[in-house]
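This report turns to the aromatic side chains of the structure shown below, taking up their pairing, their burial and the charged groups placed over them.

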Amino acid sequence: MSRWMYFLFLCVAVGATEHGNDEWLEVNIEQGPVRGQLDSGGELWTFLNIPYATAPTGKHKFKAPLPPPTWTKTYDAVDRRIICPQFVWKSVMTGDYSMQEDCLVANIYVPDTRRKNLSVLVYVHGGAFQLGYGDWFEAKNLLKYKDFIAVTFNYRLGIHGFLCLGTEDIPGNAGMKDQVALLKWVQKNIAAFGGNPNDVTIGGSSAGSMSVDLLTISKSAEGLFHKVIPESGSNLSTFSSQSNPLQNAKDHAKTLNFTNVDDIYQLEEFYKTLSYETLIGKGLNFDDPYFFTPCVERPTGDGSFLTESPFSILKSEEYRNMKKSIREIWHNFIKTGKPVPEGSSIPSWPPVGEDTSPYMSLGRTVELHSSALTEDRTRFWENIYQKYYQEPLSPPKPYSRSDL
C-alpha cells in the first residue's frame, strides 16, 4: 500500500467543537488562571487553545520548544482555531484556521462531574506527520462515560517539525519534542482540572499511533505516561522514521534551487532563512523521497528524542522480554490498563510465550489458541525483516568551522 493510500485510509476528519453556552469554569494552572466553557450539550467543560509550550521562531524555528507563556489575568480558553504551519488540504480540513508559528496549544475536555483524580487520555492526531491539528479528533463522544479527561494538542509538522541535519540549530525531531513538552505540561497541570497525573494513557492513529509508539522507546518521555493505545501504526512503520534525513534535506533543497548542499552549514543557513510559505510548499506528495518524518538524531546536547533506530532499541535486552498487550475496548483499557478486563466475556489472555503462543482468534467467536504454525509464520517474517530492513541513519558530525 502506498503512503498516499495509507494516509487516506487512516485519516480521521472531524468537526470542530461548538460552543454556545455562557457558563464558565475557572481553574488555576502553573501559568496562571484559565477559564473554560460548558459545552453546548451541557455535559463537559472545554478548555481550548491553552499554550503548553512556546515554539521558537525565526532562525530558531527548528529547535526544541521553549517554556510556555505566563499571565496574571484570567486566560479565556476558547477556540482560536490555531494550527501549525502546513499545507491545508481542503478535502479533509474544513473551515477557517489561524496558521501561526507559535502554534503549540492544548485542548482539555473535562466531564461535568464532581469526581476528582480522573484518568487522563492524551490523544496525538494523525496526518502522516504533515498536516492536522489537535481538535481533528473530537473528544466529546468518548467522554460520555464522565470518568476521564481527554487532552488533544498541536505539534509542529512536516519540514517545520522534522527537518533533521544533526547540527545544533537543526538537530531534528522538533515535532516529537513538542509531544514530550505536552506530556510534561500534563504532569504539571492536569490535577488542576481534576485529572490524575499518575494515570495517563497516550493514544493515536496513523502518524499519531507511530508517535505514541515512538514515545514508548524514547528516554525523554520516561515516566510521563502509563498506558498506550497505538492504532494502525508502529515505531517500525514505513515512514515512522527517515532512512536518511540528511540526504532528504539535500534533495529537497535542490528542488528549491539551492545547489551548495554538501556544505552542511550553508545548507543549515538556507533552511533557517526560508519563509514559512516556501517551507510549506504548494502541496503534498506522499511519494516524495524526501518525506519529512521523525529521525534518529545525532546527540547535540539539545535534549535528543531518539538517538538509536527503533529496530535496534527493540532488539536490545531492555525490550527483549517485554510483554505485549492488545487493544480491548478503549474505555476499559483506559480505566484498567488490562487487555481483557475482569468479568469480561472474552477469555483471559495470559502473556505470550517464546513460542509466540497463545494468541487470540478474532473470528465468529473469540477464542484463545496455541499453534506451532503461528511460530513458523513469525520466524518467517522475522527473517525477512532482518534481511531487508534498512536502519535509519543519523546525520554525520559536521566538520569543524576551524577547518575552513
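In this predicted model, Trp71 counts as buried because its relative accessibility is 17%, which falls under the 20% limit for that class. Tyr75 is likewise buried, with a relative accessible area of 17%.

Eleven aromatic pairs are found in the structure, and one of them joins Trp71 to Tyr75 in a stacked arrangement. Phe258 and Phe270 also form a stacked pair, and the geometry of both is set out here.

| Aromatic pair | Centre to centre | Angle between planes |
|---|---|---|
| Trp71 and Tyr75 | 4.8 Å | 25° |
| Phe258 and Phe270 | 4.5 Å | 20° |

The pair of Phe258 and Phe270 links distant parts of the chain, since Phe258 belongs to the loop between helix H5 (245–255) and helix H6 (264–272), whereas Phe270 lies in helix H6 itself, with twelve residues separating the two positions. Both Phe258 and Phe270 are buried.

Ring pairs also occur in a connected group, in which Phe47, Trp185 and Phe193 are linked into a cluster.

Which rings have a charged group placed over them? Trp24 is one such ring, with the charged end of Arg35 sitting over it at 3.8 Å from the ring centre. Another is the ring of Tyr276, over whose face Lys61 lies at 5.9 Å from the ring centre, a distance that counts because the cut-off is set at within 6 Å.

Note on methods. Residues numbered from 1 in each chain as written. Predicted model: local features only at pLDDT ≥ 70, side-chain atom pairs only at ≥ 80, totals over all residues. Heavy atoms only, no water. Phe/Tyr/Trp six-rings, centres within 6.5 Å; stacked < 30°, edge-to-face > 60°. Buried < 20%, exposed > 50% of the residue type's maximum accessible area, 1.4 Å probe, protein only. Helix = DSSP H or I, 4+ residues; strand = E, 2+ residues; numbered from the N terminus. Lys NZ or Arg CZ within 6 Å of the ring centre and 35° of its normal.
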